Amino acid sequence: MEIHIDLTGPRGHRDAIYRQLRAAILAGRIRPGEALPPTRELAQRLAVSRTTVSAAYDRLTAEGFLAGRVGAGTFVTASPVSAEPVPDVPGVRPLPEWDAVPPPPAPFAPAPEFDFRPGVPDLSRFPFDTWRRLVTQRLRAGQADLMTYGDPQGHPALREEIARHVGVSRDVRASAAQVVVTAGAQQTTDLVARVLLRPGDLAAVEDPGYPPPRLVLGARGVRVAPVPVDAAGIVVGAIPAGTRLVYVTPSHQYPLGLAMSLDRRLELLDWAERTDAVLVEDDYDTEFRYTGRPLEPLHSLDSRGRVVYVGSFSKVLSPALRLGFLIAPPSLVPALVKARYLTDWHAPNVEQAVLAAFMAEGGFARHVRRMRKVYRARHEILSRSLASFADFLTPLPSSAGLHLSAVAAADCGPLVRAARRRGVRLYSLGDFGVGVRRHGLVFGYGAVATERIEPGLARLRALADEGAA
């Protein structure tokens, strides 16, 4: 154990060692059961006599803070000790932009009985055996290059696989040189903002929409304008003059679940060209499409280099991987790679190599096909079961993704809060609005087991009948 002891104060060395060890134990920095360094070792490190250290240890032992074990060493006593409160002193204040950013969501422990959170995949079906095999192969091979600093743009093999995947599955025509591996949509938004926007510039987001990009932009000092969404997608005519960036989810609008019409996509691309703006297209979960022909992404329709295409492996495999990607016009790639290097250098090398191998041997495509069947069944059950809520909920049409939304005539916040207290986790549609907040509910079906959907909705129905709605 490395223990810092400051011997520069006016008190004697023995007293300083005693008091600082005692304070560390009381504050919990040294926990019960931990071993202290041998007296000879600590004395050599502090350049004092062993007798000085022994005297400090003896005093702490006499007071019950330490206990010696013959042949084993000196340990902090297992007896409970009241921790000293951390002094509440004024410190450096952050920029005011950070006051508007809510704290990160707390982890769910234990998990809710009925988990209808959107954007969470079924982690019980993660391909653990295959993933374990691929990790073991790379570690056994002793690839030293995976244990050093990596390429800020991403592992070359993974970029090749990503370019191939989106070309086949989404008709996104791009080379590996246009791919930058990221930690997901939030980091992509931050990187694009770093290289294109200055504080005070104007960006636009969908309203309702995915909150993190709006918060990322606002925290960078960018002015963010919410733009309404109708049945055809973001209302292009409502985008304010001077907007430099628009963040959109055209294939599966978050959270409404609607798809942007072809006419609206073309209108948005034309607007971006006329105003010299960039479109950040988040195609976050459209591997899971259940009916109809997929509409072409904005990127596939873009012939003028206005679109940054964003994808993520969080919704398909696991959010714990923290792996996503962007595909940018060649003119932006060098600056984006520099920005990635300056923020956190690169994504984890081992995870990137394993994902590349997983995709190359066909495991990723098989997993998508397998999970598409699972999620399609859940989508159908949820859609059918929501008929029992027809008195106050109207489901919105959705044929893709991991969630389904329904609008209501009244605020659903009280029902959501009551449901959470009773083990049903879901969100109010109003949680995603900025301007005019819509009423309704958002049901995710990735994390909830198929057989748990109907019992969970039955409990929600009972709460609604009790007047929680």
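**Figure 1. D15 and its surroundings in helix α1.** In this predicted model, D15 is a buried residue, with a relative accessible area of 18%. That puts D15 in the buried class because the cut-off is under 20%. Look for D15 in helix α1, which takes in residues 13-26. The side chain of D15 has a polar contact to the side chain of R19, at 2.9 Å. Another residue to pick out here is R59, which sits in helix α3 (residues 50-62). Counted along the sequence, R59 and D15 are 44 residues apart, yet in space their C-alpha atoms are 9.8 Å apart. Setting aside neighbours within four places in sequence, R59 is in contact with D15 and Y18. Is R59 buried or partly exposed? R59 is partly exposed, at 39% relative accessible area.

**Figure 2. Stepping back to the chain.** Before the next close-ups, here's the overall setting. The chain holds 14 helices and 16 strands. Its C-alpha trace spans about 85 × 60 × 50 Å along the principal axes. How much of the chain do buried residues make up? They account for 50% of its 469 residues. Now take the contacts between residues at least 6 apart in sequence: 73% of these join residues at least 24 apart. The pair R59 and D15 from the first view, 44 residues apart in sequence, is in contact too.

**Figure 3. Helix α5 against helix α11.** A pair of packed helices can be described by the angle between the axes and the distance between them. Here α5 covers residues 156-170 and α11 covers residues 349-360, and their axes come within 8 Å, crossing at roughly 40°. That angle makes α5 oblique to α11. The crossing is left-handed. On the α5 side, the contact is made by A157, L158, E161, I162, R164 and H165. On the α11 side, Q352, L355, A356, M359 and A360 take part. Sorted by class, the residues of this contact come out as seven nonpolar, two polar and two charged.

**Figure 4. A closer look at H165.** H165 lies in helix α5 and is one of the residues in the contact with α11. Is H165 buried or exposed? H165 is buried, with a relative accessible area of 17%. Leaving out residues up to four places away in sequence, H165 touches R170, E287, M359 and F364. You've already met M359 as one of the α11 residues in the previous view.

**Figure 5. Helix α6 across helix α10.** The helix α10 runs over residues 333-343, and α6 packs against it at an angle of about 115°, with the axes 9 Å apart. That makes α6 roughly perpendicular to α10. As for handedness, α6 passes α10 in a right-handed crossing. Which residues meet here? From α6 come Q187, D190, L191, V192, R194 and V195, and from α10 come A335, L336, A339, R340 and T343. The classes in this contact are six nonpolar, two polar and three charged residues.

**Figure 6. Helix α7 and what covers it.** Helix α7 takes in residues 211-219, and its buried residues are P211, P212, P213, V216, L217 and A219. What covers them? The cover includes α6 (185-196) along with the strands β5 (202-207), β6 (223-230) and β8 (243-248). So α6, seen in the previous view packing against α10, turns up here again as part of the cover. Just after α7, look for G221, which takes a positive phi of about 85°.

**Figure 7. Helix α12 alongside helix α14.** The last view pairs α12 (residues 363-385) with α14 (residues 453-465), whose axes come within 10 Å and cross at roughly 25°. That makes α12 roughly parallel to α14, since angles under 35 degrees fall in that class. The crossing is right-handed. The α12 residues in the contact are R378, I381, L382, R384 and S385. They meet I453, E454 and L457 of α14. This contact divides into four nonpolar, one polar and three charged residues.

Conventions:
Residues are numbered from 1 along each chain as its sequence is written. This is a predicted model: local features need pLDDT of at least 70, side-chain atom pairs count only at pLDDT 80 or more; totals for chains, interfaces and linings use all residues. Side-chain values use heavy atoms; hydrogens and water are left out. Axes are lines fitted to C-alpha atoms, for helices over the stretch in contact, and angles run from 0 to 180 degrees between N-to-C directions. Helices (H or I, at least four residues) and strands (E, at least two) are DSSP runs, numbered from the N terminus. Angles under 35 degrees count as roughly parallel, over 145 as roughly antiparallel, 65 to 115 as roughly perpendicular and the rest as oblique. A crossing is left-handed if the near helix is turned anticlockwise from the far one by less than a right angle, and right-handed if clockwise. Contact means heavy atoms within 4.5 Å. Ala, Val, Leu, Ile, Met, Phe, Trp, Tyr, Cys and Pro count as nonpolar, Asp, Glu, Lys and Arg as charged, and the others, Gly among them, as polar. Buried means under 20% relative accessible area, exposed over 50%, partly exposed in between (1.4 Å probe, protein chains only). A polar contact is a pair of N or O atoms within 3.5 Å; within protein, one must be able to donate a hydrogen and the other to accept it, and residues adjacent in sequence count only if both atoms are side-chain atoms.
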